[in-house]
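Here are some worked exercises to try with the model open beside you. Have a go at each task before you read its solution.

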Amino acid sequence: MRNKKLYILILVFGILIYGCKQNIKPEISEFKVAQHYSEFTTKMKNNDTLNIGVNLSMCMWREYDQLQITKSNDSIFLQLIEKRVMDDESIRFNKVFYDLKDDTLNLKKMMTDFDVNYQEKKSSPFFIIINPTERGNILLRTSGLGNREFNMERYQKIMTELYPIEMAEYKKEDFTPPPPPPKEIEIKETKME
């Protein structure tokens, strides 16, 4: 009986010591922004991060979004970290699970449709893709006002899919026309002499 207890005690200590000696190596990511930015859902490893600036400015309108895409527990999450509209205070959104299918209404497909070689300086970047661990940025530019407007609408549809309540509130605040003037106010025309 005594030998059996001693044997169990040695076995328990052996398992504890052996378990402590094992070094768990972190998963090494091979995700490279320049090569894999449009394949982030399949190429990112746990703890990878991708930052994307989205320039939604056009003509006299100024708007800029800052997205952060992360992979954690084998799931992709997106967070609209900051939305700046004109000179108003920036808006922040919560992190959401990125579960958009591989159809036309997803960020991955949208980035694939840009020509990475189109670098005309007269066209401001639409997507500014950044990986915090790498140097340099990927600039994806639109090829004219019509193309820019098309991509802005497409991007807004994606954000509405991911943030339906928040985007409805944003659209209500920023795109609702002002109310008509009260009926009590009469507008009289006067002739200049």
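**Exercise 1. Work out what percentage of the residues in this predicted model is buried, and what its surface is made of.**

Step 1. The protein has 193 residues, and 32% of them are buried. A residue earns that label when its relative accessible area is under 20%.

Step 2. Now turn to the outside. The accessible surface comes to about 14100 Å², and carbon and sulfur atoms account for 55% of that surface.

**Exercise 2. Describe how helices and strands follow one another along the chain.**

Step 1. Start with the count: there are six helices and six strands.

Step 2. Put them in sequence order, and the pattern reads α-α-α-β-β-β-β-α-β-β-α-α.

Step 3. Add the contacts. Of those with a separation of 6 or more, 49% join residues that are 24 or more positions apart.

**Exercise 3. Find the strands that pair with E2, and say in which sense they do so.**

Step 1. E1 and E2 pair in the antiparallel sense, over seven bridges. Use Leu-50 as a landmark: opposite this residue stands Ile-69 in E2.

Step 2. E2 and E3 are antiparallel as well, with 10 bridges between them. Here Ser-72 stands opposite Ser-75 in E3.

Step 3. Look at the turn. The hairpin of E2 and E3 has two residues between the strands, and Asn-73 takes a positive phi near 50 degrees there.

Step 4. Check how covered E2 is: seven of its 10 residues are buried, which leaves the strand mostly covered.

**Exercise 4. Identify the parts of the chain that build the largest nonpolar core.**

Step 1. This core has 36 residues. Among those with the most contacts inside it are Phe-40, Ile-52, Phe-127 and Tyr-155.

Step 2. Trace the contributors. Strands E1, E2, E3, E5 and E6 each supply at least two residues, as do helices H4, H5 and H6. H5 gives the most, with five residues.

Step 3. Zoom in on one member. Phe-127 is buried, with a relative accessible area of 0%. Leaving aside residues up to four places away in sequence, Phe-127 touches Ile-52, Leu-107, Met-110, Leu-140 and Tyr-155, among others.

**Exercise 5. Explain which rings Phe-114 pairs with, and how each pair is arranged.**

Step 1. The model has six aromatic pairs in total. In one of them, Phe-114 and Phe-126 are stacked, at 5.8 Å centre to centre with 25 degrees between the planes. The planes are under 30 degrees apart, so the pair counts as stacked.

Step 2. Place these two residues. Phe-114 lies in the loop between H4 and E5, while Phe-126 is in strand E5, so their pair ties together parts 12 residues apart in sequence. Both Phe-114 and Phe-126 are buried.

Step 3. Phe-114 also pairs with Phe-127, this time edge-to-face: 5.5 Å centre to centre, 70 degrees between the planes.

Step 4. Combine the pairs: Phe-114, Phe-126 and Phe-127 are linked into a cluster.

**Exercise 6. Locate the salt bridges that involve Asp-65 and Arg-154, and decide whether their partners are buried or partly exposed.**

Step 1. Recall the chemistry: side chains of opposite charge can pair when their charged atoms come close. The structure holds five salt bridges.

Step 2. Asp-65 meets Lys-83 in one of them, at 2.9 Å from N to O. Asp-65 lies in strand E2 and Lys-83 in strand E3, so the pair ties together parts that are 18 residues apart in sequence.

Step 3. Check the burial of each. Asp-65 is buried at 0% relative accessible area, and Lys-83 is buried at 0% too. Glu-63 joins these two in a network of salt bridges.

Step 4. Arg-154 forms a salt bridge with Asp-113, and their closest N and O atoms are 2.8 Å apart. This pair links distant parts of the chain, 41 residues apart: Arg-154 is in helix H5, and Asp-113 is in the loop between H4 and E5.

Step 5. Compare the ends: Arg-154 counts as buried at 10% relative accessibility, whereas Asp-113 counts as partly exposed at 41%.

Definitions and conventions:
Residues are numbered from 1 along each chain as its sequence is written. This is a predicted model: local features need pLDDT of at least 70, side-chain atom pairs count only at pLDDT 80 or more; totals for chains, interfaces and linings use all residues. Side-chain values use heavy atoms; hydrogens and water are left out. A nonpolar core is a set of buried Ala, Val, Leu, Ile, Met, Phe, Trp, Tyr and Cys residues joined through side-chain atoms within 4.5 Å. Buried means under 20% relative accessible area, exposed over 50%, partly exposed in between (1.4 Å probe, protein chains only). Helices (H or I, at least four residues) and strands (E, at least two) are DSSP runs, numbered from the N terminus. Contact means heavy atoms within 4.5 Å. Accessible areas come from the Shrake-Rupley method with a 1.4 Å probe; for residues, only the protein chains shown count as cover. A salt bridge is a side-chain nitrogen of Lys or Arg within 4 Å of a carboxyl oxygen of Asp or Glu. Two strands pair if DSSP finds at least two bridges between them. Rings of Phe, Tyr and Trp (its six-membered ring) pair if their centres lie within 6.5 Å; planes under 30 degrees apart count as stacked, over 60 as edge-to-face and the rest as tilted.
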